[in-house]
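Biologist: I would like a close look at one part of this model, please. Could you take me through the aromatic rings?

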Amino acid sequence: MTTSTSFDVIVIGAGVIGPAIATAMARQGRSVLIVERSWDKPDRIVGELMQPAGLKALRELGMIQAVNNIEAIHVEGYYIKFNESSLLLKYPAKSDVITSPHPVPSCMQGDNEKMLNDQTLNLKDWENDENVRGVAFHHGDFLMNLRDIVKKEPNVTALEGTVTSVVRNSDNTVTGVTVKTADTKTSKEFSAKLVISCDGIYSKFRKELAEDNVPTIGSHFVGLHLEDAVLPAKHFGHVILGDHAPVIIYQISPKETRILCAYRSTKPPSQSSDQLYKYLKNDVLPSLPKETQPSFLKALESKKFRVMPNQYLPGRKQGEHKGLIMLGDSLNMRHPLTGGGMTVGLSDAALLAKLLQPELVEDLGDHDLVTKQLGVFHSRRKNLDAVINTLSIALYALFAADKNSLKILQKGCYKYFLRGGDCVRGPIGLLAGMLPYPMLLFNHFFSVMFYAIYCNFIERGPLGFLIALFEMFETIATAVYIFTPYLWKELVN
């Protein structure tokens, strides 16, 4: 139990983002208290696929070795199966993107920016690959590595307990937190110049920014654990498209594979009824690659399903509530289809640490200066944030395709990828987070729309011209509706 009750920074939550920002602040000479309800290894089905831009952020933070010695599997891109056709989308070439990290001051020490060789990751192969890579792993193992890193920092105090409230002074500035400690079951107050809330998707502190600062649930994912699954493309994430909602498959260790099956409902499917089982067996199973079906059927028969909501929350501008910052999923969420959550969160942590470094902000108690830097943070995070978040929503809408105009866009998107060249390099670079340019996303999305309309005219033929003409207007309206509101929210919120 810590004897000190006063710190420079208090970090709420030791998920992925909490240890990242706590480590960065500590290495910059700040005294940090990080509070976590339970330091035991969690068992979750989210946060298991790291995009290349997320790994770049880990390097900048000097924490890339958190992916080592957990049997992680490198990822080279995506295998897309659309009905009976398939294609491979490789991550962008290193020559086409910026791969060199911009280190967080004081965080790259020794060789901690370099990945290590281990049982499943080969540094030489990684460096010799002409393309950037991602990585997949057990969330709990990765998280425990992050926690080990932060606990080793001499300026960090790790505490097990539940933060029950933030403490404010007479002018409403946040000055600390109240913690119900795990060992004594009593409440204790800790003070700090800055409190950073990283308490995840079910954050109870995000409403401190505004009462209406709550996420919306658009659908659900049903997760299953596959043993010894055979996949068509080793080292590729798999996206299975068809009449059902999209299915995502990726290997997370030499013997284990995760499958996430989207479920079109804002309400979670009942696991006690046969409705979910029938959906997975009758709709999902037949669409899977033949070689993958045996392992899926085995997992299905065990009826060990994990259901999670797919939530969306645009990131609000911060600074009005002095002394308090939201980071990670407590600030901003997107659909998990594209695996961009950790990428955005870690990139935000790296950016915030750069902007609050002692050379720029000597005293974190200078709230006016911190507020000014938060304005810069909000502006500079928009490019990556807008691309990852908007792309996740747009792709889910296309891939889930529950009406005719969306099916036209879905088919057009797949055919657009088949063209290769820039029609693949741009979209996959955006997905990887390595091309954080909202206007590039805008260009490719509406290029897909027009190409889809063109393909539909060709498919309808002369006799179906009038039908295709009507569908053109319907498709344009649908594309504008599912894309522009989200891009607008992300860029101007």
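Is tyrosine 312 buried or exposed?

Modeller: Happy to help! This is a predicted model, where local features need pLDDT of at least 70, side-chain atom pairs count only at pLDDT 80 or more, and totals for chains, interfaces and linings use all residues. Residues are numbered from 1 along each chain as its sequence is written, and side-chain values use heavy atoms, with hydrogens and water left out.

Tyrosine 312 is buried, with a relative accessible area of 7%; buried means under 20% relative accessible area, exposed over 50%, and partly exposed in between, using a 1.4 Å probe and protein chains only. Rings of Phe, Tyr and Trp (its six-membered ring) pair if their centres lie within 6.5 Å; planes under 30 degrees apart count as stacked, over 60 as edge-to-face and the rest as tilted. That rule gives 13 aromatic pairs. One of them joins tyrosine 312 to tyrosine 486, edge-to-face, at 5.1 Å centre to centre with 85° between the planes. Because tyrosine 312 lies in strand E15 (residues 306-312) and tyrosine 486 in helix H13 (residues 465-492), the pair ties together parts 174 residues apart in sequence. Helices (H or I, at least four residues) and strands (E, at least two) are DSSP runs, numbered from the N terminus. Tyrosine 486 is partly exposed, at 25% relative accessibility.

Phenylalanine 446 and phenylalanine 483 are also edge-to-face, because their ring centres are 5.5 Å apart and their planes at 85°. Phenylalanine 446 lies in helix H12 (residues 438-460) and phenylalanine 483 in helix H13, so this pair ties together parts 37 residues apart in sequence. Phenylalanine 483 is buried at 0% relative accessible area. Ring pairs also link Phe442, Phe445, Phe446 and Phe483 into a cluster.
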